[in-house]
Amino acid sequence: MKKLSTKKFVFIIVIIFILFIFQGVWNFIDFDRQASSEDMRSMGIERINEIKSHIIKNSFSPGIVKFNFMSGIGVFVPILIIIIGYDYNKIKNNHIKFNIGKNDKYFKELNKEKIQLALFNVGILVFIYLFIFIISLIFGEIGTNTIYGKNLINSKSILYYMCANEIGYAIFTISTVSIATFISSLLTFYLIDYFGFIKSAIIYLAYMWVGTVIIYNIINTLFIEYDIIAQILKNLAPMHSFMGITETSSSVITVLCSYISIIWPIIFLKLTRKYEVA
């Protein structure tokens, strides 16, 4: 989007995230550095090349790549949303200047910007997922450490049949994470409407990260043996909206419930606070 002033920051964190996903490549670099030692040379060139090939294929295997992707989105997505939130705040302030006294037009344009920027965040995430998935299929070791996670799906759920192969499960994964990214983006933009950019960034990151740590600590300390209570509390942990699909016995209901933690604050804001443009 041409009007975004934070494109270079988005580019930087995308590169960092991709490097994190392919972090196993550093094992290859480290091995290559040690290959000059006396012990390594005694193994012979063919054996060394065989080990190097295995390391690189394992590092790019679909399962390892998908695991790193899911491990990193808890940090990457909130930061991406805050960066785009900065631009949303600038766009919002510009709309105020040109729509004074035109509340209806102002709110329509603002809602349009919310949706467009939220979809932009989703687009970035989908691009990264497709990129790493294609790279892993080309260079990775297929057959071991696959992306497939059908064992995580409840066998009685319709999702079990939708995720009948690796492609189906890959689509399921990026779809659920994309929905969480879209809703989480909207939450941040609504916070900016009411509290401004700086306060909203602090509130959002504290809610997503600190709130999740507190809730999981409560679960592990007090309710680890109470499955029903633990599941209810998990749905109140904000980052669970991104990580919910990684737990066992996932179903349509559990996936939808995982979004509760990022939907209820939007409803709360809309019902309890009034936002008007002068």
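1. Of the 30 residues of helix 8, 23 are buried, so the rest of the structure largely encloses this helix. The model is a predicted one. At 1.5 Å a residue, helix 8 should span 44 Å, and its end C-alpha atoms are 43 Å apart, which agrees. Just after helix 8 comes Gly 196, with a positive phi of about 85 degrees.

2. Helix 8 belongs to a chain whose secondary structure comes to 13 helices and zero strands. Read from the N terminus, the elements run α-α-α-α-α-α-α-α-α-α-α-α-α. The chain has 278 residues, and buried residues make up 46% of them. Take the contacts between residues at least 6 apart in sequence: 75% of these join residues at least 24 apart.

3. Which residues touch the most other members of the largest nonpolar core? They are Phe 69, Ile 73, Phe 76 and Ile 128, in a core of 59 residues. At least two residues of this core come from each of helix 1 (7-21), helix 5 (62-98), helix 6 (103-139), helix 8 (166-195), helix 9 (197-222) and helix 13 (260-272). Helix 8 gives the largest share of the core, 14 residues.

4. Phe 69 shows what such contacts look like for one residue. Leaving aside residues up to four places away in sequence, Phe 69 touches Phe 17, Ile 21, Leu 125, Ile 128, Tyr 129, Ile 132 and Ile 174. Another core, of five residues, lies apart from the largest one, and its members include Ile 215, Ile 219, Ala 230 and Leu 233. In soluble globular proteins, nonpolar side chains tend to be buried together.

5. Helix 1 has 15 residues, which should span 21 Å at 1.5 Å a residue; the end C-alpha atoms of helix 1 are 21 Å apart, which agrees. Its buried residues are Val 10, Ile 13, Val 14, Phe 17, Ile 18 and Ile 21. Why can these residues be said to line one face of the helix? Seen down the axis of helix 1, the buried residues fall within an arc of 140 degrees, so they line one face. On the face turned away from the buried side, helix 1 carries the exposed residues Lys 8, Phe 11 and Ile 16.

6. Lys 7 is also in helix 1. Is Lys 7 buried or partly exposed? Lys 7 has a relative accessible area of 43%, so it counts as partly exposed. Lys 7 and Asp 87 are 80 residues apart in sequence, and their C-alpha atoms are 9.7 Å apart in space.

7. The second largest pocket holds about 150 Å³ of space. What lines the second largest pocket? The lining consists of Ile 13, Ile 16, Phe 17, Phe 20, Gly 72, Val 75, Phe 76 and Ile 79. Helix 1 and helix 5 each supply at least two residues of this lining. Some of these names appeared above: Ile 13 and Phe 17 are among the buried residues of helix 1, whereas Ile 16 is one of its exposed residues. Phe 76 is one of the residues that touch the most other members of the largest nonpolar core.

8. Phe 67 has its place in helix 5. With a relative accessible area of 55%, Phe 67 is exposed, because the cut-off for exposed is over 50%. Phe 67 and Ile 21 are 46 residues apart along the chain, and 8.3 Å separates their C-alpha atoms.

9. Helix 13 has 13 residues and reaches 18 Å from its first C-alpha to its last, close to the 18 Å expected at 1.5 Å a residue. The buried residues of helix 13 are Ser 261, Ile 262, Pro 265, Ile 266 and Leu 269. These residues cover an arc of only 140 degrees around the axis, which puts them on the same side of helix 13. Helix 8, helix 9 and helix 11 (240-243) are included in what covers them.

10. The last residue to note is Gln 231, in helix 10 (residues 227-234). The relative accessible area of Gln 231 is 25%, so this residue is partly exposed. Gln 231 is 23 residues from Thr 254 in sequence, and the two are 9.0 Å apart in space, C-alpha to C-alpha.

Conventions
Residues are numbered from 1 along each chain as its sequence is written. This is a predicted model: local features need pLDDT of at least 70, side-chain atom pairs count only at pLDDT 80 or more; totals for chains, interfaces and linings use all residues. Side-chain values use heavy atoms; hydrogens and water are left out. A nonpolar core is a set of buried Ala, Val, Leu, Ile, Met, Phe, Trp, Tyr and Cys residues joined through side-chain atoms within 4.5 Å. Buried means under 20% relative accessible area, exposed over 50%, partly exposed in between (1.4 Å probe, protein chains only). Helices (H or I, at least four residues) and strands (E, at least two) are DSSP runs, numbered from the N terminus. Contact means heavy atoms within 4.5 Å. The expected span of a helix is 1.5 Å times one less than its number of residues. The arc is that of the directions from the helix axis to the C-beta atoms. On a 1 Å grid over the protein atoms alone, a cavity is a set of points where a 1.4 Å probe fits but cannot get out, and a pocket is an open set with protein on both sides within 12 Å along at least five of seven lines; lining residues have an atom within 4 Å of a point. Grid points are joined across faces, edges and corners, and a volume is the space filled by probe spheres set on the points.
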